[in-house]
Amino acid sequence: MTSRQLFLRHQAQTSEFPLLLEIERAEGVYMYTPEGRPILDLIAGIGVSNVGHRHPRVLQAIQGQLDKYLHLMVYGELVQAPPARLAHALAATLPPPLDTVYFTNSGTEAIEGALKLAKRHTGRTGLVSALHAYHGSTHGALSITGSEGFKNSYRPLLPDVLHLRYNELADLDLITENTAAVVLETVQGEAGVRLPLPGYLPAVRARCTKVGALLILDEIQCGFGRTGTQWAFEQFGVVPDILVCAKGMGGGMPIGAFISSPEIMVGFQTNPILGHCTTFGGHPVSCAASLATLQVIQEENLLAGVAAKAARLRAGLRHPAIREIRNCGLLMAVEFESFEVLKPIIDRALAVEGILTDWFLFCDNSLRIAPPLTITEAEIDAACAGLLRAIAAKQGG
């Protein structure tokens, strides 16, 4: 049987219409089919391959760790250099008091840990998140995701969850003395790249401080350089109590983390002991890859190029069918009239132009662009030209 037949026969599917694009290898901003056809990856595995596919420094770090050891023991018991060094390096990128890191395998697991930590620290049960937010698919993360359509089939979920309207100051009254934590994406991703208005996040921060609630910022998609700073919250004048990250931090390897202060994180040590556990969190190979990814971002000065690359994309994507372009760095939404207009453009871009892109879960009339931060000017120009041809072919010019 072919790989495609095995995929359809034995691998669990998440929709009735999988993309079914078979990839044999990947390098930089390109993926390649078994026939050798290049596919320009404009979404980086949904914000994962921030330093490109198979960056040499990441591969070297993975190979170096493979030659030493793989999994040894459940999280937190043995001293292992890869997670310890990565935690130190992450803390160095963050303002105080964010200097204690708990490693997980993914973003949704990091959200679960952050929710437990907030409840443990505050002794409260209430959670507040935003409409049109996406935080993951496990039960706790799904509970705070702001789309009823994704949740209905899995109820009952967590109780005491309220949803506010992102950027609406009037809704901050939902944050009360019963609230353990407010969980927000610093930049809303699946809502179609919605940035906080000036003063909004500081107002949320102030309200949380006033009532004793913790502020959790989800930077699973917008962190690790995606927006042009190491962490998106640096641009908006706030510091969270707990920061959640994943996706782009692993250079293609599975890893996530939630980061807080020692005073908050200590709650997992007692009442009960092992207040949060994971077998594979902080896996040495993933941590080695993540440290290399961070070093590539820093040493290759990738953050400095994000704004110019985003501006080049915006300038190159001009067509009457494009209604609006929203972006924060290289997290970009290109809005069309409807999904019915957008979907044929996405399909043609892949089938004819060899460009892979996507839409957003809660904004299906907007094209997702989130390429590797390593994308070059020539690759941006090629992507824009191909997308414009796809738009013209489906819009009659």
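**Reading helices, salt bridges and surface in a predicted model**

Author: Start with two helices of this predicted model. Helix α11 (residues 303-316) packs with helix α13 (residues 377-395) at an angle of about 25°, and their axes are 9 Å apart.

Reader: Is α11 roughly parallel or roughly antiparallel to α13?

Author: Angles under 35 degrees count as roughly parallel. So α11 is roughly parallel to α13. Their crossing is right-handed.

Reader: At what angle do α12 and α13 pack?

Author: Helix α12 (residues 339-351) packs with α13 at about 130°, with the axes 9 Å apart. That makes α12 oblique to α13. The crossing of these two is right-handed.

Reader: Now the charges. Why can side chains of opposite charge pair?

Author: They can pair when their charged atoms come close. In this model the count comes to 14 salt bridges.

Reader: Which parts of the chain does the pair Glu-27 and Arg-54 tie together?

Author: Their side chains meet in a salt bridge, 2.5 Å from N to O. Glu-27 lies in strand β1 (residues 25-27), and Arg-54 lies in the loop between α2 (44-47) and α3, so the pair ties together parts 27 residues apart in sequence. Glu-27 is partly exposed at 37% relative accessibility. Arg-54 is partly exposed too, at 42%.

Reader: Are Asp-241 and Arg-205 buried or exposed?

Author: Both are buried. Their side chains meet in a salt bridge of 2.9 Å, N to O. This pair links distant parts of the chain, 36 residues apart: Asp-241 is in the loop between β8 (214-218) and β9 (242-245), Arg-205 in helix α8 (residues 200-211).

Reader: Where do Lys-343 and Asp-347 lie?

Author: Both are in helix α12, four residues apart, about one turn of the helix. They form a salt bridge, with the closest N and O atoms 2.9 Å apart. Lys-343 is partly exposed, with a relative accessible area of 24%. Asp-347 is partly exposed as well, at 37%. Elsewhere, salt bridges that share partners join Arg-323, Glu-324, Arg-326 and Glu-335 into one network.

Reader: On to the surface. Which residues make the nonpolar patch?

Author: Leu-72, Met-73, Val-74 and Leu-78 make it, over about 330 Å². Take Val-74. This residue sits in the loop between α3 (56-66) and α4 (81-92). Val-74 is partly exposed, with a relative accessible area of 36%.

Reader: And Ser-290: buried or exposed?

Author: Buried means under 20% relative accessible area. Ser-290 has 0%, so it is buried. Its place is in helix α10 (residues 284-299).

Conventions. Residues are numbered from 1 along each chain as its sequence is written. This is a predicted model: local features need pLDDT of at least 70, side-chain atom pairs count only at pLDDT 80 or more; totals for chains, interfaces and linings use all residues. Side-chain values use heavy atoms; hydrogens and water are left out. Patches are made of residues with over 30% relative accessible area and no salt bridge: like charges are joined within 9 Å, nonpolar side chains (Val, Leu, Ile, Met, Phe, Trp, Tyr) within 5 Å. Accessible areas come from the Shrake-Rupley method with a 1.4 Å probe; for residues, only the protein chains shown count as cover. A salt bridge is a side-chain nitrogen of Lys or Arg within 4 Å of a carboxyl oxygen of Asp or Glu. Buried means under 20% relative accessible area, exposed over 50%, partly exposed in between (1.4 Å probe, protein chains only). Axes are lines fitted to C-alpha atoms, for helices over the stretch in contact, and angles run from 0 to 180 degrees between N-to-C directions. Angles under 35 degrees count as roughly parallel, over 145 as roughly antiparallel, 65 to 115 as roughly perpendicular and the rest as oblique. A crossing is left-handed if the near helix is turned anticlockwise from the far one by less than a right angle, and right-handed if clockwise.
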